[in-house]
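Welcome! Here is a short briefing for anyone meeting this structure for the first time. Take a look at the sequence and the model, then read on.

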Amino acid sequence: MSGPLVLGIESSCDETGVGIVRGRELLANEVASSVELHVRFGGVVPEVASRAHLEAMVPTLQRALDTAGIEPAELDAVAVTAGPGLMGALAVGVAAAKACAYAWDKPLYGLNHLAGHVAVDLLDHGELPTPFLALLVSGGHTSLLLVNDIAGDIVEIGTTIDDAAGEAYDKVARVLGLSYPGGPVIDKAATGDPRAIAFPRGLTARKDQAKHRHNFSFSGLKTAVARWVETAEAEQTPYELGDVAASFQEAVCDVLVTKALDACTTYGVDHLLVGGGVAANSRLRSLLAERAPAAGVTVRIPRPGLCTDNGAMIAALGAAVVTAGQPPSSPDFGATSSLPVSRVRVG
Ligand code: KG4
Ligand code: ZN
């Protein structure tokens, strides 16, 4: 397999990731997570994350080069997450990428983290016919994207009006006394009856179809779970954690799958790609497998290890951008914490 040899750096949240790809071939994907440092706070502490990136960056870079068995001189380009994400955390990656590009005399591409979550699937499943729809579900974002060209033409057709899906998992985990990050622990704890409790499905009522057909809302669901648990505890009614976790998870996944398949119908596309940390969720995967065939939609989801934040996703997007013949970013670009998904590459 051939294609540009690209090193990608990711540092937007709590994972320091360095990936190396040759076109669509994955050569290295090294991730150093600072998640244990945040557990006792129940969420990512930006300053703690930035310091951890600073410590992990050089060793992670070295490990990626060793694993791929390449010398920096062989690289065609360096790519880095320019946003969105935590400002201080992003700044560490951007500074590291600039230092590498300058020292190795390579073109540098500042790229969009969210587009990276979509592009990473190229490594697992190859090219996807465009346009396709992407459901992006992470700790900070929940969006439906119409992807005309992964290297430069992405339109957001819907997003969350309050909490992201992953954020809801993390907050509900806290309510249930489970650890951070909540997604994997609730996924594991959801062994009970998903129909035990009818939790609300945000923005799915008929009245929401006009304005919010493709938008999401998870804050009402989070509050409903908190109230339900509070009431059960106040009344000293014993309950099964497995039922609450499964019912919450069913509400999240039902909404995600219903809205994603509905958007495919609206936009007349028959391929759906799912990306971001929540795409690792077992129920989301099984529910899509159950319902997508009836809607005539083919679903693609990267392997779970590529769904959560990593450097390979930025390297994969970098390779697509280089292949599309786009120019590098200007040497003085900075990190942009709220970079919109429509800006795949910063100028
Ligand atoms: O994409 P990601 O690694 O970082 C962001 O860009 O936010 O996503 C992290 C989010 C967290 O909220 C975490 O709880 C959630 O993804 N997550 C999951 C699972 N694994 C990670 N949510 C549900 N089920 C999972 N198995
Ligand atoms: Zn992410």
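A good place to start is ligand 1, one of whose oxygen atoms is 2.9 Å from a polar backbone atom of Gly277. Please keep in mind that this is a predicted model. From the ligand we move on to the zinc ion, then to the aromatic rings, and finally to one asparagine.

**Around ligand 1**

- Ligand 1 is surrounded by 20 residues, and the closest are Gly139, Asp170, Gly183, Gly277 and Asn281.
- Asp170 brings a polar side-chain atom to 2.8 Å from an oxygen atom of ligand 1.
- Asp309 also takes part: an N or O atom in its side chain is 3.1 Å from an oxygen atom of ligand 1.
- How much of ligand 1 does the protein cover? On its own the ligand has 550 Å² of accessible area, and the protein covers 89% of that.

**The zinc ion**

- Asp309 appears again here, since the protein donors of the zinc ion (ligand 2) are His113 (NE2), His117 (NE2) and Asp309 (OD).
- These donors lie 2.0 to 2.1 Å from the zinc ion.
- Along the sequence, the spacing of the donor residues reads H-x3-H-x191-D.
- His117 belongs to helix H4 (residues 113-119), while Asp309 is in the loop between helix H12 (304-307) and helix H13 (312-323), so this pair ties together parts that are 192 residues apart in sequence.
- Are these two residues buried or exposed? His117 and Asp309 are both buried.

**Aromatic pairs**

- How many aromatic pairs does the structure hold? There are three, and two of them are described here, beginning with Tyr169 and Phe248.
- Tyr169 and Phe248 meet edge-to-face, with 5.0 Å from centre to centre and 75° between the planes.
- Tyr169 sits in helix H6 (residues 165-175) and Phe248 in helix H10 (residues 241-267), so the pair links parts that are 79 residues apart in sequence.
- Tyr169 is buried, because its relative accessible area is 2%, and Phe248 is buried as well, at 0% relative accessibility.
- Why is the pair of Trp228 and Tyr239 called edge-to-face? The planes of the two rings are at 80°, and over 60 degrees counts as edge-to-face; the ring centres are 5.4 Å apart.
- Trp228 is part of helix H9 (residues 219-234) and Tyr239 is in the loop between H9 and H10, so this pair connects parts that are 11 residues apart in sequence.
- Trp228 counts as partly exposed, with 30% relative accessibility, and Tyr239 is partly exposed too, with a relative accessible area of 28%.

**Charges over rings**

- Lys98 places its charged end over the ring of Phe333, 5.1 Å from the ring centre.
- Lys259 does likewise with Phe216: its charged end sits over that ring, 6.0 Å from the centre.

**A closer look at Asn215**

- Where is Asn215? Asn215 is found in the loop between helix H8 (209-212) and H9.
- Asn215 counts as buried because its relative accessibility is 14%, and buried means under 20%.
- One partner of Asn215 is the backbone nitrogen of Thr159, which its side chain reaches at 2.9 Å.
- The side chain of His212 is another partner, in a polar contact of 3.0 Å with the side chain of Asn215.

Methods: Residues numbered from 1 in each chain as written. Chains lettered and ligands numbered in written order. Predicted model: local features only at pLDDT ≥ 70, side-chain atom pairs only at ≥ 80, totals over all residues. Heavy atoms only, no water. Phe/Tyr/Trp six-rings, centres within 6.5 Å; stacked < 30°, edge-to-face > 60°. Helix = DSSP H or I, 4+ residues; strand = E, 2+ residues; numbered from the N terminus. Buried < 20%, exposed > 50% of the residue type's maximum accessible area, 1.4 Å probe, protein only. Lys NZ or Arg CZ within 6 Å of the ring centre and 35° of its normal. Near = heavy atom within 4 Å. Polar contact = N/O pair within 3.5 Å; in protein donor to acceptor, adjacent residues only side chain to side chain. Areas by Shrake-Rupley, 256 points an atom, 1.4 Å probe, with all protein chains shown as cover. Donors = N, O, S within 2.8 Å, 3.2 Å for Na, K, Ca; no water.
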